[in-house]
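Work through the exercises below with the sequence and the coordinates open. Each task is followed by its solution in steps.

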Amino acid sequence: MTDTTERVIDAAAELPDAPQAGELNEPGQAEARIAGPVTFAKALNAALADAMEADSSVVMFGEDVGALGGVFRITDGLTARFGTSRCFDTPLAEAGIMGMAVGMAMNGIRPVVEMQFDAFAYPAFEQVVSHVAKMPNRTKGKVKLPIVIRIPYAGGIGGVEHHCDSSESYYAHTPGLTVLAPATVRDAYTMLREAISYPDPVVFLEPKKLYWSKEVLDLAELRETFEASTAAPSIGRAVVARAGTDATLVAYGPSVPTAMAAAAAAAEEGRSLEVIDVRSIVPFDDETVCASVRKTGRAVVIAEAPGFASVASEIVARIQERCFHSLAAPVRRVTGFDVPYPSPKLEHFFLPSVDRILDTVDELQWEDQA
Amino acid sequence: MTISTGTNRAPGTAKTSEQPESAEAAMLPSATPVQLVDPNGTHTPHADYPLPDGGSLLAAYRKLVVGRRINDQANALVRQGRMAVYPSSHGQEACQVAAAVVLDRQDWLFPTYRDTVAVITRGVDPMEVLTLLRGDWHSGYDPLEHKVATQATPLATQLLHAVGVAHAAKLKGEDTVVLALCGDGATSEGDFHEALNFAAVFHVPVVFLIQNNEYAISVPLKSQTVAPSLAHKAIGYGMPGERVDGNDLAALLSVLGKAVTRARDGGGPTLVEAHTYRMQAHTNADDPSRYRSQDDVEKWIPKDPLSRMRTYLRELAVLDDDGEARIAAAAEEMAASLRNGLNTDPVVNPEDLFNFVFTEKTSQLREQADLLRGELSREESSEEVTP
Ligand SMILES: Cc1ncc(C[n+]2csc(CCOP(=O)(O)OP(=O)(O)O)c2C)c(N)n1
């Protein structure tokens, strides 16, 4: 039997611009002061290396994160550079990884753990919900747990079952967890560094399908900006990813590029859509989202996860509660269907697509259609 | 902070007793639980475990008597409605005391809900400890200050935290040993397995102490496992296991003391199974008559940890009437302080609901706090107008 992980890696390798083995081999390459094409994966790798360089209490561990550099190579080169005390492989046991991180954080370490895939974090769920999320509360803030739980997350990579879950609602529903889902290469770097310096536990969701997306960036400059604290914080702050006037698309993580593509297509049809990249699911930035919706009067929330009882539902409810008098149409959702994540041949039917978004936008009670 | 570099493994597994012995033999527990003072109060010598001296035994006995008094007083306070629930360790006090006594100041204790006496014996203010069981807040003490983790309710989860604290201590080069407690039922949980495996693989200074009190609520040990003993599980993880008479304070101090020393010297983790018995109900919500007979319970009365240590110490002549009176007075003093402390209703602050979820309140939490504040002030003003 083929190892499922390998097969997913194969699938990832088939994506355009997949790195060759060793391509990410020099962590913290940020020294080179040049702007060039940087992948999402490389930005995460650089963020880890820079964070470990800046703070010797940052320790990275998980399954296959050492010699292999993680199945997505996000931890590539960290063991070589920082030693096995700072980046190491654990036995194959997610509750073990998570529970050990709790104890390490109690004793002055800042653990960053990698859960190999979204659905394989479930064995650790008990530790996350009962301890990671609650320890600071149980102890009236005496015990802080500055843990980052990195999770390669969501679909769109042709992965086999259990490799593509959108699990954000489980975490977002749990008070005490900060939940982030970056969508751009710049945010991948900055938000991971913010997460590592954050005093509270952070669930850091890395959209797998964006790992090999690229942006032209100067990583050295990013690092300097971050370390000089001149950048505006991303945790708790949504951004306007594209300005528009007719309707607002609200998206996060893997759905942001889809929303951007939809807005670009709509522009060609003469409709101006604003795109909000939520970035920070918890805490949620009502202000930025509502300012946009009040301006446009219409909103569509886009997310890959099944829509029932989801983060998308929560966002819709918040918009209805706060912007009711500005709304010209009911707030709509475009989400995954309420089915287990489908197999590769079916996933394109499941995922929110540009067409599905545009069709939904068309249904927002426009006067010209009345 | 500096973290030492290099491999996770500490040099060589230290085995102090006579060589040569196979690795397997060194990991297997003794054929019968280690005992140093039998139920008649007689010293029963053991080749591997020396009897602690009279002075240390007397000091520990005093804590045993106080521990029993805590259990009995806490039960009474539950009956009086002063405390929501109390999982008593009556009959298991020797384990409780030994677990606290074998640790140094810089060491960590990881207790469960049943280990209140161990936490108090470790030196945490009893009123802060009982906060949890009274229902004012989840944990009333600062774990970092006392190096005592919050009393764990989800079974076996704390064992992994113990491994994490020990692993961090090792990375930082601290001289810290961690002792983690759990029950027999908890050994069936996945976290128990993961904790032992992690501890062995990372070779960290942790002592796991299972208080095998024969029942997990209503389920007897034989329905929990068919292993020869719980201590036998150790060899499967590659660490030594040992069985000890859990009602024998002397044996517990010796066995746990050796395991702690071994851990401190870089010898890695040990699994200790203490054979004891839960003399009372699981909690006040439990009806033990449904699953065990009073006859079975009574069989354990002669094995009581207090009476045998008392007999032994009297025979050794380190304990006399005077000493007993002083110990009894200390126990009464503890009981009185518990009664007094729990006599007043706790003052709770509704704002606290929102204060410790995140380091900084999110805008969502600020709104919810405002909502509650508004509700409460309206209630107050409506109370004022009612005649
Ligand atoms: C994960 C989990 N499952 C179930 C429970 C409910 N529960 C509380 S105590 C208990 C029995 C535990 O038995 P044991 O580990 O032998 O400890 P003891 O209470 O006898 O000290 C159970 C099932 C729990 N606390 N945690």
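**Exercise 1.** Decide whether F117(A) and F120(A) are buried, partly exposed or exposed in this predicted model.

Solution. Buried means under 20% relative accessible area, and exposed means over 50%. F117(A) has 0% relative accessibility, so this residue is buried. F120(A) has 25%, so this residue counts as partly exposed.

**Exercise 2.** Classify the ring pair F72(A) and F117(A), then the pair F117(A) and F120(A).

Solution. A pair of aromatic rings is described by the distance of the centres and the angle of the planes. Centres must lie within 6.5 Å, and planes over 60 degrees apart count as edge-to-face.
- Across the whole structure, 17 aromatic pairs are found over all chains. For F72(A) and F117(A) the centres are 5.3 Å apart and the planes stand at 70 degrees, so the pair is edge-to-face.
- F72(A) sits in the loop between β2 (58-62) and α3 (78-82) of chain A, and F117(A) in the loop between β4 (110-114) and α5 (125-132) of chain A, 45 residues apart. Both residues are buried.
- For F117(A) and F120(A) the centres are 5.9 Å apart and the planes are at 85 degrees, so this pair is also edge-to-face.
- F72(A), F117(A) and F120(A) belong to one aromatic cluster with F40(A), Y211(A) and W212(A).

**Exercise 3.** Find where the partners of the salt bridge between R193(A) and E227(A) lie, and state whether each is buried or exposed.

Solution. Side chains of opposite charge can pair when their charged atoms come close.
- The N to O distance between R193(A) and E227(A) is 2.8 Å. R193(A) lies in helix α8 (residues 185-197) of chain A and E227(A) in helix α9 (residues 219-227) of chain A, 34 residues apart.
- R193(A) has a relative accessible area of 5%, so this residue is buried. E227(A), at 44%, counts as partly exposed.

**Exercise 4.** Repeat the analysis for D285(A) and R237(A).

Solution.
- The closest N and O atoms of this salt bridge are 3.8 Å apart. D285(A) lies in the loop between β12 (280-282) and α11 (286-296) of chain A, and R237(A) in the loop between α9 and β9 (239-242) of chain A, so the bridge ties together parts 48 residues apart in sequence.
- D285(A) is buried at 3% relative accessibility, whereas R237(A) is partly exposed at 41%.

**Exercise 5.** Which residues have the most contacts inside the largest nonpolar core?

Solution. The core has 94 residues, and M98(A), M106(A), I149(A), I319(A) and F208(B) have the most contacts inside it. Helix α4 (residues 94-106) of chain A gives the largest share, 9 residues.

Note on methods: Residues numbered from 1 in each chain as written. Chains lettered and ligands numbered in written order. Predicted model: local features only at pLDDT ≥ 70, side-chain atom pairs only at ≥ 80, totals over all residues. Heavy atoms only, no water. Phe/Tyr/Trp six-rings, centres within 6.5 Å; stacked < 30°, edge-to-face > 60°. Helix = DSSP H or I, 4+ residues; strand = E, 2+ residues; numbered from the N terminus. Buried < 20%, exposed > 50% of the residue type's maximum accessible area, 1.4 Å probe, protein only. Core = buried A, V, L, I, M, F, W, Y, C linked by side-chain atoms within 4.5 Å. Salt bridge = Lys/Arg side-chain N within 4 Å of Asp/Glu carboxyl O.
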